[in-house]
Amino acid sequence: MASVLATITEPTVVVGHTYGAIVMTNAATGNPNVNALVYIAACAPDDGEPLVALQTRFPGSRLGLEALDIRPTGPESFDGYIKPSVFREIFAADLPLSTTAVMAATQRLGDLGTLQQPSGPPGWKAIPSWYLVAKQDQVIPAAAQRFMAERAGARTKDVDASHVAMMSRPDAARTGVRPGGAAVSAIRECRGGYRCSSMR
């Protein structure tokens, strides 16, 4: 992602959700054209901090090994998928069953090895940040989200939503986080000369 951001010469707002925000946090570091980072129910790690440390720092996450179907991909590597039987209640309890059934069937794999990988220097130490906390999140506990948002010095808004707040509460995602002084809606559209990139 850093190489893609390097090709953009305009002021840029980068939006990240869940694990994708770790990629965003690292990729934006040192890029003078990234003017804002927006976190939506997301991980905002510090230097050297792995995802698992954030997910388990506070109680409340239900995304443990017991909730996963695990498939080996090599001698010491494994992919994890959220079990269809618990996908909706853990990941997206505020979306229609018909929607979450499709999401469960088409979910992308999660390389379990990435849970232990340390993050690099975070962009939020130098780039203004915004954070939308999903209060009903069963993946990343709301307490963990607030901790990361406060540590990053992010402007924060709470929303009564599951882990997929940008889907179940697009109104809050659209209007609740407006980076920069310009009238920028980081989720739906960009105005005032900004370009938006997103990472999920």
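This briefing walks through the overall make-up, core, largest pocket and a few individual residues of the structure above. Keep in mind that the model is predicted. The protein has 200 residues, and 46% of them are buried. Its secondary structure comes to 8 helices and 8 strands. If you like contact statistics, here is one to start with: among contacts between residues at least 6 apart in sequence, 65% join residues at least 24 apart.

**The nonpolar core**

- The largest nonpolar core holds 56 residues, and the members that touch the most others are Leu37, Tyr39, Phe91 and Tyr131.
- Strand E2, which spans residues 34-42, supplies the largest share of this core, with 8 residues.
- As general background, nonpolar side chains in soluble globular proteins tend to be buried together.
- Leucine 37 deserves a closer look: leaving aside residues up to four places away in sequence, its contacts include Val14, Met24 and Ala28.
- Leucine 37 also touches Gly123, Trp124, Ile127, Pro128, Ser129 and Trp130.

**Helix H2**

- Helix H2 covers residues 20-27, and 6 of its 8 residues are buried.
- The buried residues of H2 are Gly20, Ala21, Ile22, Met24, Thr25 and Ala27; Met24 is also one of the residues that leucine 37 touches.

**The largest pocket**

- For anyone thinking about volumes, the largest pocket contains about 1200 Å³ of space.
- Its lining counts 40 residues, and those closest to the pocket centre are Thr18, Phe91, Arg108, Leu109 and Gly110.
- Several elements give two or more residues to this lining, among them strands E1 (12-18), E4 (77-82) and E5 (110-111).
- Helices H2, H3, H4 (84-91), H5 (97-106) and H7 (165-168) likewise give two or more residues to the lining.
- Helix H3 makes the largest contribution to the lining, with 4 residues.
- By residue type, the lining divides into 23 nonpolar, 14 polar and 3 charged residues.
- Phe91 appears twice in this account: it is one of the core members with the most contacts to other members, and it is among the residues closest to the pocket centre.

**Threonine 18**

- Threonine 18 lies in strand E1 and is one of the residues closest to the centre of the largest pocket.
- Its side chain makes a polar contact of 2.9 Å with the side chain of histidine 163.
- Not counting residues up to four places away in sequence, threonine 18 touches Ile40, Ala41, Ala42, Cys43, Ile140 and His163.
- The C-alpha atoms of threonine 18 and alanine 44 are separated by 8.9 Å, and the two residues are 26 residues apart along the chain.

**Aspartate 46**

- Aspartate 46 sits in the loop between E2 and helix H3, the latter made of residues 51-55.
- The side chains of aspartate 46 and lysine 125 are joined by a polar contact of 3.3 Å.
- Beyond residues up to four places away in sequence, aspartate 46 touches Ser119, Gly120, Pro122, Trp124, Lys125 and Arg151.
- Trp124 is thus shared ground, touched by aspartate 46 and by leucine 37.

**Threonine 100**

- Threonine 100 belongs to helix H5.
- With a relative accessibility of 2%, threonine 100 counts as buried, because that value is under 20%.
- The threonine 100 side chain reaches the backbone oxygen of leucine 97 at 3.1 Å.
- Setting aside residues up to four places away in sequence, threonine 100 touches Phe87, Arg88, Ala92 and Leu95.

Terms used
Residues numbered from 1 in each chain as written. Predicted model: local features only at pLDDT ≥ 70, side-chain atom pairs only at ≥ 80, totals over all residues. Heavy atoms only, no water. Core = buried A, V, L, I, M, F, W, Y, C linked by side-chain atoms within 4.5 Å. Buried < 20%, exposed > 50% of the residue type's maximum accessible area, 1.4 Å probe, protein only. Contact = heavy atoms within 4.5 Å. Polar contact = N/O pair within 3.5 Å; in protein donor to acceptor, adjacent residues only side chain to side chain. 1 Å grid on protein atoms, 1.4 Å probe; cavity = no way out; pocket = protein on both sides within 12 Å on 5 of 7 lines; lining within 4 Å. Points joined across faces, edges and corners; volume = space filled by probe spheres on them. Nonpolar A, V, L, I, M, F, W, Y, C, P; charged D, E, K, R; others polar.
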